[in-house]
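Please walk me through this structure, taking one helix, the aromatic rings and the surroundings of a ligand in turn.

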Amino acid sequence: MTTPAIDPTPSCSLLELGHDDGRVFSMADYQGPVPRWCSGCGDHSVLSATQRLLAAEQLKPEATVFVSGIGCSSRFPHYMKTYGFHGIHGRALPVATGIKLTRPELKVFTVMGDGDCVSIGAGHWVHATRYNVDMVALLLDNNIYGLTKKQTSPTTPQGYASNTQPRGSYLPALNPLEATLGITNASFVAQTAEWLPPHLYATLEAAYRHRGFAFVRVLQRCPHFTPDMYGEVVKDPGRVELLVHENGIFAPELDRMVEHKIPHDPADLDGARRLAEPAAAIRLGLFFRDETHPRYEETRSLPRLTAREKTALLGEEFDRHAV
Ligand SMILES: Cc1ncc(C[n+]2csc(CCOP(=O)(O)OP(=O)(O)O)c2C)c(N)n1
Ligand code: SF4
């Protein structure tokens, strides 16, 4: 845990949390301790883009929550000066879902590694996508288990040697974009790369503004264990293809650098699925967005009770069954 304890009976009302109290936040207001990630780790870039976004959107630190599982990337909440929950490996999404359903006024961000999200947490990833609860879900995909020292992950390219599969990963890599686009009720699917800050920022911004579950796969370098993974792509913008559309993600600085552009309307799910298939180039942009999909929080209306009231009701219920 990184931040002050949450009072189970909040003293401020929902109205007060949303009220403009005249404070102005700078990036420093969101910055926690100096990160302990390796030098050159792509997680640094995601952290600073996120802090920039929070400052641009003037999110109140006390009304913002970062939830993670376990992994290098999951140290993220420690480095934010907001509320945070550094949870259990693979379980970030159920925790984040619970927070958002209980406190809908909070802005919720979930940060997961590829092991966390598409391996041990795969079941939660599928159902969180379908539930479409309003939050930003970041998959920081370095194609390896970093914290546990270069173990093969589901997104490790076939043939890539690791400490658990030294002769190379046996199976073709799982494609998180194709998989998410195949889940019923998926409402926002995007891909970006941490070494392209303008695109990373524009993607985070679009995800934050989406109403629903915004799934963003961030391609992330792990120079410590997989320095060769993205080497050529980082040096050569010719290996990147940008999805472009008036309703897509705009990063004008990158538009000038990247020659290869593919027109793609993010409302076109079939087109998105085709573009998500493995290709020679890395495709970045907004694959799919549809804000008309139902969100789970809209389908249920629970009375808003304090923790004390809930405990009292639970006590009454138990009493009914006591002999
Ligand atoms: C239930 C459980 N199983 C396994 C582990 C060991 N473990 C910790 S982090 C991790 C994988 C980390 O990889 P990833 O999620 O891709 O994040 P990264 O470190 O690469 O950012 C594993 C297997 C654990 N902590 N808990
Ligand atoms: S091991 Fe890799 S993912 Fe972990 S902090 Fe170092 S560079 Fe980042």
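Helix H2 of this predicted model covers residues 42–57, which makes 16 residues. At 1.5 Å a residue the helix should span 22 Å, and because its end C-alpha atoms lie 23 Å apart, the expected and the computed length agree. Glutamine 58 follows H2 and has a positive phi, near 55°.

Many positions of H2 can be looked up as buried. They are Gly42, Asp43, Ser45, Val46, Leu47, Ala49, Thr50, Gln51, Leu53, Leu54 and Ala55. The cover over these buried residues includes four strands and a helix: strand S1 (64–68), strand S3 (107–113), strand S4 (135–141), strand S8 (213–219) and helix H7 (197–209).

Arginine 52 takes part in a contact between a charge and a ring: its charged end sits over the ring of tyrosine 201, 3.8 Å from the ring centre.

The aromatic rings come next. A pair of aromatic rings is described by how far apart the centres are and by the angle between the planes. The model has 9 aromatic pairs. One of them joins tyrosine 131 and tyrosine 296, with 4.5 Å from centre to centre and 40° between the planes, a tilted arrangement. Tyrosine 131 belongs to helix H5 (residues 122–131) and tyrosine 296 to helix H11 (residues 296–299), so this pair ties together parts that are 165 residues apart in sequence. Tyrosine 131 counts as partly exposed because its relative accessibility is 33%. Tyrosine 296, at 30% relative accessibility, is likewise partly exposed.

Tryptophan 195 and tyrosine 230 form another pair, and with ring centres 5.0 Å apart and planes at 40° this pair is therefore tilted. Tryptophan 195 sits in the loop between strand S7 (188–193) and H7, while tyrosine 230 sits in the loop between S8 and helix H8 (231–235). The two residues are 35 apart, and their pair links distant parts of the chain. Both tryptophan 195 and tyrosine 230 are buried.

Ring pairs also build a cluster, whose members are Trp37, Phe66, Phe76, Tyr79, Phe109 and Tyr208.

Trp37 appears again at ligand 2. The other residues around this ligand are Cys38, Cys41, Cys72, Asn142, Gln220, Cys222, Pro223, His224 and Phe225. How many residues of this shell are nonpolar, polar and charged? The shell around ligand 2 has 7 nonpolar residues, 3 polar ones and no charged ones.

Methods:
Residues numbered from 1 in each chain as written. Chains lettered and ligands numbered in written order. Predicted model: local features only at pLDDT ≥ 70, side-chain atom pairs only at ≥ 80, totals over all residues. Heavy atoms only, no water. Near = heavy atom within 4 Å. Nonpolar A, V, L, I, M, F, W, Y, C, P; charged D, E, K, R; others polar. Expected span 1.5 Å × (residues − 1). Buried < 20%, exposed > 50% of the residue type's maximum accessible area, 1.4 Å probe, protein only. Contact = heavy atoms within 4.5 Å. Phe/Tyr/Trp six-rings, centres within 6.5 Å; stacked < 30°, edge-to-face > 60°. Lys NZ or Arg CZ within 6 Å of the ring centre and 35° of its normal.
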